[in-house]
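Dear colleague,

I am handing over the structure below, and I would be glad if you could look through it alongside these notes.

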Amino acid sequence: MNFNLTVVGGGHAGLEAAWIAAELGLKVALITSPNVKIGSTPCNPAIGGVGKGQVVREIDAMGGLMGLLADLSGIQYRTLNESKGYAVQSTRVQLDKDIYASNAEKLITSHKNITVIQKKVDKIERDKLGSFLFFDELRDLIVESDKVVVTTGTFLGGVLHRGCEKKKGGRVGCSSSKDLRDLFANVKTLGKKFKTGTPPRLDKNTINFSKMMPQPSDIKANSFHCLHKSSQRFLPQVECYLTRTNEETLEIIRENKEDSPIFNGQIQGVGPRYCPSIEDKAFRYPDRNTHHVFIEPEGLETQSVYPNGVSTSLPASIQESFIRTISGLENVEFLVHGYAVEYDVVDVTQLDETLQSQDIEGLYFAGQINGTSGYEEAAGQGLIAGINAALSFLGKSPLVFNRMDSYIGVMVGDLTSNKRDEPYRLFTARSENRLFIREDNVINRLAPYRKALGQNRALDKFQSQYLEDYNLLSELCESYLYKKNSKNMNYFNQAGYGSLEENITLAELLKRAHLDPVETLFKELNNFGVQFLDSSVRSVAISKKYAGYIKRASTETEKIQKLSLKKINWEMLASSKNISHECRLRISQIRPSSFGQLRQIEGIRPATLAFVAGNFI
Amino acid sequence: MKLFDQKPIVACSSGVESKCAISLLRLSGFEDISSLNKYFDRSLKAIVPRKSYLVNIVDKGKVLDQALLTFFKGQKSYTGENTAELSIHGNPINVKRILKLFTSDGFFRLAEPGEFTYRALKNQKLTLSQVEGLDSLLNANSEAVFSQGLSILRGDLHASYIKLLKLYTSLKSSIELMIDFSEDVGEETAYNNFLDSFCHFFDHLEKLHARTRVNLSGLLSPSIVLIGKTNAGKSTVFNLMLNTQRSIISSTPGTTRDYISEYIDIKGVNYKLIDTAGLRKTDDNIEAQGIDLAIDVYKKSFFKVLVINPHIEFDLPTEVSEIDFIIFSHCELEGSADLCSKIILEAGLEGTPGILIGLKEDGSMGPLEKFKFFGPIGPKKLSVGPIGPKEESHIREAISYFEGSIALKYEELMQTDPIVVERHSEVIRSAFLYASEFKSIHLNNEDVGILSSEINILGEKVSELIGVVNPDSVLNNVFMNFCIGK
């Protein structure tokens, strides 16, 4: 069977890659392991979060699936950082995992350009014409295609750990795939494994929720998919609960250090510091004797709940005893025990900014195999790999997201410019332009990229309508003038807007520090009796509020930004006698193409930067 | 930035014009030591780096000079390139003809000012801060500035900057903690952590800033200026100072309408002592120019001395606001003490240290009993004099007190460990200004996005200090204004 593109793996990265390429007209084969559900969420039952919420909306604005699927299965919404200003707010939604997966499967299998093949790929080879050939364990050819996106998550060389139990597998109940090098010769791995873990799953019926603090769903939080109504819900909403570990919990863990694969040397892989297991917390922070545990339902029907905060790979019996010390979980029954998994990752510095291998043309990598963690990060990469594999097949120029206007751009830039020592998660801190890369203006930011795909669907129509609306309202804010007269002065006073010392525009009013720009703009538009899309009102108001700060930041950092954009020739640097050996080594590993990328590389000395800036730019 | 080519360079490091017994030539950037064989009477192929060899310098078979040659192999030399040092006889004629030998065949070219150091920087033998320290080291006018040059070269000051960068990094992290992890650590903990981090950062920056609040030009070549009305006695004081000085370094001629200056040494620091034109209202254009010049010199001076004749009408020019020391002249005359008191009170100069000098021909002390009224002149030692010029010991005492005041000011200044590199001071001042503004306007902003954006701007200023940022203009500046290697 011949395809334009083969996607290996049906997780969040694979789904997006296959979907967007199919939308762009490619014939796509999606090969997934038998017994592994398409679009499963094997760890926490939530999508979104600080920074991640922006990514979900970016994927959505590009025509991806994640936002749509999250809304269709959403059972609780929250706006994080709600009190900290609009720039750092993000949406997170708890999922019904089964509904998420079944919707994902429905969508994918119903696309006319996608063929789902449930088989295990054992070997990928390339024929003389450059086509990729995919073989199963019996050396039978499964498919053949021009491009390939590999999104095998934790399955390559996966090893599961729970106490001293250790077995091959990508996930509990699923066998692993071969080592990456067996699958595909000539691909460089990072040379060390990464590790991740997950907590046990508990039986809802055996939990005493009355001892925990309920956390209700936020009815106002905005849904993800831009064609949905702003707070549209598709399923009944449920509560999560908050409880805590205590001294007894931690004591049990501390007493059983030798049984912990992380601490007794059984696990060598590097785990993420931002998502520590409960063992990590117990040993690395001996002074703390309580930690939050969020009890999150995994769905409406299922009995399974996810205790967020107690990821563990201790032996099953110890897991049971420490979990049962937690308030409300005294009599809890386990459905699945927690475990850790070690897996192979590719050396992402050998990928270019389209996530294509620099050594093997047509081969793309996306998702956890690239050393990232998180569904959203995986999906974002899947989107980039899928789009670029498709554009490359169609003979069009690649689409690279700028890190100044999207978190996907930040992530891909970070990944390909630096070797990672631990799993990569997107934090808003990684962006230099956080005031601009917000959830509310996602269409403003992404529409130019979407436009480059040349589609004309409902999404594209909505985006151009939104932008029209936005621009009109934005101009109105700049031109509408409150004249300094007694009527307006009275109105300002009574509305709590402060004083009116001179004529000011609506935009200037929105900038006033003590006012909520969104509320104010809605109120004023209401007074004028004019109607705009809710989403454009929100985005215009927030944009006006931040405009001055963004401009200030960009002028203050202009010198650096200018310098950062300057292209450099890494080969020249790598052969320069004037740069230290270690720096040259880092440069030839990472192959930076701009001064900005060079500056991002860890271990590059200031003197090297000064030298490069002075001599090569 | 002006880019030098990679050609081998030569320069006389000990100066071409002055006569000295030995001059040192440096040659840098040649591929192979053997390529220099043509200039010598022996093959250099087998010479061992870092050992000295007695060689003859030859030009077409003719011996030009006998010299001591030392070879430093690339990487381990000052510039990082192959370097040779030649100690030759120091006669300028000799130096010039040997430089000509090396350059006339086009193999070497004369080094540009600062080019040896430029190459050292380029080859990462020195950091940018070290280069700036070297500038202080070589162009220092006093021991203190010299020792800071050394300290920068050793990296001490750099360490303090690195600490600032570290504190900044924790500040930045505390913001990220608030944004990305407040669910994990709790809102309040995260916020307090941010406030603490800001305080630590601000404290350190404030300390650095205190070290920049120095009139740098005054410190690098400190001058003592005498100002006062015409006939106040400035020239007398000037001559008195010179007569008690043993180490006059040079003399600058001038006219009475210009200014006269001499170098004097006070406790190891070279000062320029300047006698200015008398301040008075005038219609004479040339004299007016002289007075403007005097005011200008006054403003730039490190130590400002006001000379007053209590017996002529006193008024302080509006431009004169800051005075370090007062000298009353003509105090041998009757009633001086009362007049001096009156002037001090009227001019609001209480607490300024000062001395009284008298010029009575016969050496008598004048109305000494009145001096107890001179309390307001100085906080510690109040007054000395009046002093007859023949009473050597009294002159010494007065001048020694005067010099003590000067040295005290200098030492106090140096105790603040001032940052003498102008670029550093500028960046620190700008960062401090920005941080202060942030503290008063944004520190309590509830919008963490805005907090963070403003903190990022601060970060760019901090990293500028380390020399990471915008090195283009920095390097340009350093190498264009910087003269060593010649």
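What follows is a short account of the nonpolar cores, a helix and a sheet.

The model is predicted, so local features need pLDDT of at least 70 and side-chain atom pairs count only at pLDDT 80 or more, while totals for chains, interfaces and linings use all residues. Residues are numbered from 1 along each chain as its sequence is written, with chains lettered from A and ligands numbered from 1 in the order in which they are written.

The largest nonpolar core (buried Ala, Val, Leu, Ile, Met, Phe, Trp, Tyr and Cys residues joined through C-beta atoms within 7 Å) has 150 residues, and Ala18(A), Ala21(A), Val28(A) and Val149(A) have the most contacts inside it. Its largest share, ten residues, comes from helix α5 (residues 156-180) of chain B, where helices are DSSP runs of H or I with at least four residues and strands are runs of E with at least two. A second, separate core of 45 residues includes Phe302(B) and Tyr401(B).

In chain A, eight of the eight residues of helix α3 (residues 66-73) are buried, so this helix is largely enclosed by the rest of the structure; buried requires 20 or more other C-beta atoms within 10 Å of a residue's own, with C-beta atoms placed from the backbone.

Chain A also holds an open sheet of four strands in the order β11-β10-β19-β12, with antiparallel pairing (strands pair if DSSP finds at least two bridges between them). Because β11 (165-168) and β12 (194-198) of chain A stand at the edges with a single partner strand each, one side of each is left without a neighbour in the sheet. Within this chain, β10 (residues 159-162) and β19 (residues 339-343) pair over three bridges in the antiparallel sense, and His161(A) stands opposite Ala340(A) in β19(A).

Best regards

Terms used. A residue is buried if 20 or more other C-beta atoms lie within 10 Å of its own, exposed if 12 or fewer, and partly exposed in between; C-beta atoms are placed from the backbone.
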